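This report is meant for a reader who is meeting the structure for the first time. Please look through the sequence and the structure shown below before reading on.

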Amino acid sequence: MDKEGSQLIRGLEGVVAAETQLCDLDGAHGRLAYRGYDIDELARLATFEEVAYLLWYGELPKSAQLDALTVALTAAREIPKELVQALRLMPRDGDPMRVLQAAVAILGMSDPDTTDNSHAANVRKAVRLTAQLATAICAHHRIRGGLEPVAPATGLGHAANFLYMLTGARPGAAAVKAFDASLTLYAEHELNASTFTTRAIVSTQSDMHSAVAGGVGALKGPLHGGAGEAVMRTLLEIGEVANVDAFTQRALAEKRRLMGFGHRVYKAGDPRAAILRGMAEQACRESGQFKWYEMAVQLHDRVGRAKGLIPNVDFYSAPLFYSLGIPVDLFTPVIAAGRIAGWTANIVEQHDDNRLIRPRADYVGPKRRPFVPLNGR
Ligand code: ACO
């Protein structure tokens, strides 16, 4: 349908709505790079802090620059006591993504740069919010379990500190590497639904915390970041490797939407899924829970053969996160803990070259008609 010369494109599929220097997503060839660096190399060879620096500042950091960012992130880890109090007041069985959305809004109330949308202030806020988001997720998890939050550990990197704040125990090197690489793989992904949401919000000249709260809300949905949690619930429902075939047949017959499969842009394969698959294999083996990996591989094979659907990033991250001991309902908050780097980098980019995002809709309701007063209806 036409509206003043433009065409309705459902779901904005294929629509280009921004220029970006952050993420080069080649869906046809299944390739992904952040600022020119291939995702595979970044996940293997860089830390999340280096990747965040790359996204915020434009280049990989030199050693002194990385040290400065590490100091800034570490210094920003503590969350305001008002937020801790608020977390204590929230329902214990509340969805952690709802809590996270509220936490981001609360952090916006005390940030010294809250309404300053300049480039420098946005980068300062990006650093603070990335550090605080991790602390807020872990503090809420501890509080809902009747435990005290674990204070951040200054000697640990971002990924290691996250796992430490979650469990109170210092994580092993293999777990830290897998978690750190996962944060990198989730850090940025062009105009996915949540990043688009953050850009739309700041395009009104609103601020970073408001936008990130909106991004958290968009990420939560099962068609987006919520899929990882749904994948794990599927694997738990299947239960054993021997049940995969029967489950797949039933799911296909019922025309179920298979979580963790399919992607709007990747048609040849999601490069992040391939990397996560290897990490899941290793982590499941090391945790003594190899069956989750085996089930995932078999499900991948059966669904691929039956429907030609590819696994997306959330498919293999589910058995990986599960075997790292991350509670299933924290999978999406963990994705947010990685994506915060990309959300904030996109917000910086949008503010630096802003135009209000305001698409049109085709009106398909009733034709113009006379108003009927209440007593005449
Ligand atoms: N299970 C079953 N069928 C599927 C799936 C799936 N996971 N994904 C796509 N299809 C089918 C659809 O039924 C549709 O078939 P039809 O043309 O016969 O009706 C066709 O493939 C196209 O699907 P759409 O939903 O139109 O594709 P779209 O690009 O709008 O959606 C999406 C992409 C949302 C990711 C979809 O593949 C999906 O729902 N996947 C499951 C949820 C998921 O894993 N989301 C995570 C995405 S990655 C991320 O956000 C971090």
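Which residues does Asn-346 touch, not counting residues up to four places away in sequence?

## Asn-346 and its surroundings

The model discussed here is a predicted one, and the question above can be answered from it directly: Asn-346 touches Leu-22, Glu-188, Leu-191, Thr-195 and Arg-199, when residues up to four places away in sequence are set aside. Asn-346 itself is found in helix H16, which is made up of residues 331-352.

With a relative accessible area of 1%, Asn-346 counts as buried, because that term applies to values under 20%. A polar atom of the Asn-346 side chain lies 2.8 Å from the backbone oxygen of Gly-342.

## The ligand and its shell

The ligand is surrounded by 18 residues, and the closest of them are His-224, Arg-257, Leu-258, Phe-261 and Arg-264. Sorted by character, the residues of this shell divide into eight nonpolar, five polar and five charged.

Several polar atoms of the protein can be placed relative to atoms of the ligand. A polar side-chain atom of His-224 lies 2.7 Å from an oxygen atom of the ligand, while a polar backbone atom of Leu-223 is 2.9 Å from a nitrogen atom of the ligand. For Phe-261, a backbone N or O atom lies 2.8 Å from a nitrogen atom of the ligand. On its own the ligand has 900 Å² of accessible area, and the protein covers 65% of it.

## The largest nonpolar core

The largest nonpolar core holds 114 residues, and the members that touch the most other members are Tyr-34, Phe-162, Val-212 and Leu-299. Helix H6, which spans residues 119-144, supplies the largest share of this core, with 12 residues.

Phe-162 can be followed in further detail: leaving aside its neighbours within four places in sequence, Phe-162 is in contact with Ala-134, Ile-137, Cys-138, Phe-179, Val-334 and Ala-337.

## Ile-106 in helix H5

Where is Ile-106 found? Ile-106 is located in helix H5, which comprises residues 96-110, and, once its neighbours within four places in sequence are left aside, Ile-106 is in contact with Leu-83, Ala-86 and Met-90.

A separation across the model can also be given for Ile-106, since the eye may wish to follow the chain from there to Arg-272. These two residues are 166 residues apart along the chain, and their C-alpha atoms are separated by 32 Å.

How values were computed:
Residues numbered from 1 in each chain as written. Predicted model: local features only at pLDDT ≥ 70, side-chain atom pairs only at ≥ 80, totals over all residues. Heavy atoms only, no water. Near = heavy atom within 4 Å. Polar contact = N/O pair within 3.5 Å; in protein donor to acceptor, adjacent residues only side chain to side chain. Areas by Shrake-Rupley, 256 points an atom, 1.4 Å probe, with all protein chains shown as cover. Nonpolar A, V, L, I, M, F, W, Y, C, P; charged D, E, K, R; others polar. Core = buried A, V, L, I, M, F, W, Y, C linked by side-chain atoms within 4.5 Å. Buried < 20%, exposed > 50% of the residue type's maximum accessible area, 1.4 Å probe, protein only. Helix = DSSP H or I, 4+ residues; strand = E, 2+ residues; numbered from the N terminus. Contact = heavy atoms within 4.5 Å.
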